[in-house]
Amino acid sequence: MPVVCSGCEGRPAVLKRPKTGHSLCRACFFWAFEEEVHQTVLSARLFRPGERVGIGASGGKDSTVLAHVMKVLNERYSYGLELVLLSVDEGITGYRDDSLETVRRNQQQYSLPLEVVSYQQLYGWTMDDIVRQVGRKNNCTFCGVFRRQALDRGAMMLKVDKICTGHNADDVAETVLMNVLRGDIARLRRCTAIMTGGGGVIPRCKPLKYAYEKEIVLYAYFNKLDYFSTECIYSPNAYRGHARAFLKDLEAVRPSSIVDVIHSGENLCVGVGVRMPVQGNCTRCGYISSQKLCKACVLLEGLNRGLPKLGIGKHQRLHDKILAQEPLSEKEERKLRAVDF
Amino acid sequence: GYRANMAAPIDLHLEFGGGAELLFGGVKDHQVQLPNQAEPWDIRQLLVWIKRNLLKERPELFIQGDTVRPGILVLINDADWELMGELDYQLQDKDNLVFISTLHGG
């Protein structure tokens with residue numbers, strides 16, 4: 001006996017929504033999913049008419065659905081946006097080159113301009129090179145930091161006013177948990193913000209912030225959207241994996257856990273007297289940073305000097321030495337060179 | 001509706017996607033036949049059968065306890081298994097099952 005859609009009370013339901021427990025047919029599901037993103041866009045005032053918006057596109061499920069929904073909503077509700085696709089090539093053989101193929105297909109399918117920026121051209125290092133030097137324990141730190149900057153650089157090249165990324169509810173909830181587990185108060189406070197940037201930095205927003213990963217996958221499946229779906233070959237040891245596994249187990253017991261964790265994160269207040277970092281600029285490259293040197297510059301310095309652990313962990317006092325181009329002591333070098341593969 | 005208590009062999013089409021296919025030798029589509037047995041086949045038993053007969057590596061990435069690892073979506077004839085009784089759903093001849101992993105970057 002098929003379950004009937006609670007939306008139209010006519011057609012057979014095809015999914016049970018984790019967020020609400022409602023059973024919806026295909027058409028009602030598409031409508032509900034798209035409408036919720038539209039409401040998110042409106043209530044958070046994510047866009048203004050006439051803006052040129054860069055969609056961070058990796059060829060994966062989230063960015064593919066994001067590109068599709070943005071195109072649909074832009075037309076349906078006349079947002080008046082000029083949409084472009086923005087892709088980052090980290091130089092991961094067998095992973096990124098394949099997913100970029102998917103982005104190029106998306107470009108054709110949605111008829112949107114596409115810009116690809118690569119780590120090779122921006123930093124002189126591909127992720128393959130980096131993993132060879134750094135090993136597989138901290139490599140994700142490099143990639144995350146470099147990709148954030150790469151997206152900004154690409155956005156500047158494409159002259160976009162705003163970036164949007166496909167981060168979904170599961171991602172945001174995982175990040176809240178990760179920051180709690182690591183005691184990273186500064187990030188904990190920022191990570192649930194739906195839009196960040198401004199003040200000289202191209203703002204970036206997350207229209208899919210409240211969309212459950214399950215619904216994104218089913219939206220793509222029922223719409224027959226073409227996406228690339230392999231786990232990055234270097235990521236199995238990423239810390240996020242632990243938070244993700246935990247969150248998935250929680251969701252199985254209580255599906256609203258995901259938006260509830262986000263809600264907790266959004267409403268946390270930092271206690272009086274807690275020391276928070278102050279935003280400034282990197283003295284080397286000008287990018288925003290709370291230290292004298294931004295993370296990307298520190299990581300690059302480490303790579304170029306054969307000190308792969310520079311930038312992993314806290315070495316603020318070494319930044320002065322690096323900036324002044326003073327040599328590091330034998331003991332300092334030894335600690336920074338040690339790598340666990 | 002009426003359903004026979006004696007189960008004949010059941011032909012199923014299984015599809016693995018979202019990266020799950022990597023655990024099955026990279027093959028997405030599998031046409032399988034479950035053998036004749038007295039009680040009706042359900043998904044709980046199918047998972048045991050899959051683990052024994054189809055899974056090529058790292059079963060813990062597909063199965064957790066007696067169900068699929070959280071993060072793997074299951075569709076039965078293009079409908080969410082949560083609407084069909086999940087593990088208790090009794091398989092019928094010519095059913096189509098899709099297992100989509102969501103556990104990768106987006």
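Me: Which residue is the bridge partner of Leu75(B) in β6(B)?
Reply: Asp80(B) is the bridge partner of Leu75(B) in β6(B). Strands here are DSSP runs (E, at least two residues), and helices are runs of H or I, at least four residues; both are numbered from the N terminus.

Me: What kind of model is this, and how are its parts numbered?
Reply: The model is predicted: local features need pLDDT of at least 70, side-chain atom pairs count only at pLDDT 80 or more, and totals for chains, interfaces and linings use all residues. Residues are numbered from 1 along each chain as its sequence is written, chains are lettered from A and ligands numbered from 1 in the order in which they are written, and side-chain values use heavy atoms, with hydrogens and water left out.

Me: Why are β5(B) and β6(B) called paired?
Reply: Two strands pair if DSSP finds at least two bridges between them. Two bridges join β5(B) to β6(B), so the rule is met. The two strands run antiparallel. Ile76(B) stands opposite Ala79(B) in β6(B).

Me: What makes up the turn between β5(B) and β6(B)?
Reply: The two strands form a hairpin with two residues between them. Asn77(B), in that turn, has a positive phi of about 50 degrees.

Me: How do you know that β5(B) also pairs with β7(B)?
Reply: Five bridges join β5(B) to β7(B), and these strands run antiparallel. The rule for pairing is therefore met here too. Leu75(B) stands opposite Val98(B) in β7(B).

Me: Which strands are the edges of this sheet, and what makes them edges?
Reply: Five strands of chain B form an open sheet in the order β2-β1-β7-β5-β6, with mixed pairing. The edge strands are β2 (29-34) and β6 of chain B, as each pairs on one side only.

Me: What makes β5(B) mostly covered?
Reply: Five of its five residues are buried, meaning that each has under 20% relative accessible area (over 50% is exposed, in between is partly exposed; 1.4 Å probe, protein chains only). Ile72(B), Val74(B) and Ile76(B) are buried on one side, and Leu73(B) and Leu75(B) on the other. In a regular strand the side chains alternate between the two faces of the sheet.

Me: Which elements of chain B touch chain A?
Reply: Start with the totals. Contact (heavy atoms within 4.5 Å) involves 21 residues of chain B and 25 residues of chain A. The area buried between the chains is about 2,000 Å²; buried area is the accessible area (1.4 Å probe) that two parts lose on being put together, summed over both. Carbon and sulfur atoms give 59% of that area. The count between the chains is seven residue pairs in polar contact, both residues at pLDDT 80 or more. On chain B, the elements that give two or more residues to this side are β5 (72-76), β6 (79-80) and β7 (95-101).

Me: Why does the link between Asp78(B) and Arg26(A) count as a salt bridge?
Reply: A salt bridge is a side-chain nitrogen of Lys or Arg within 4 Å of a carboxyl oxygen of Asp or Glu. In this pair the closest N and O atoms are 3.6 Å apart, so it counts. The rule finds three salt bridges across the interface.

Me: Is Thr102(B) buried or exposed?
Reply: Thr102(B) has 2% relative accessibility, so it counts as buried. This residue lies in the segment after β7 of chain B. Thr102(B) touches residues of chain A, among them Lys61(A) and Glu213(A).

Me: What makes the link between Thr102(B) and Gly71(B) a polar contact?
Reply: A polar contact is a pair of N or O atoms within 3.5 Å; within protein, one must be able to donate a hydrogen and the other to accept it, and residues adjacent in sequence count only if both atoms are side-chain atoms. The backbone oxygen of Gly71(B) lies 2.8 Å from a polar atom of the Thr102(B) side chain.

Me: Why is Lys94(B) called exposed?
Reply: Its relative accessibility is 61%, so Lys94(B) counts as exposed. Lys94(B) lies in the loop between β6 and β7 of chain B. Its phi is positive, about 75 degrees, although Lys94(B) is not a glycine.

Methods. Lists of a residue's contacts leave out its neighbours within four places in sequence.
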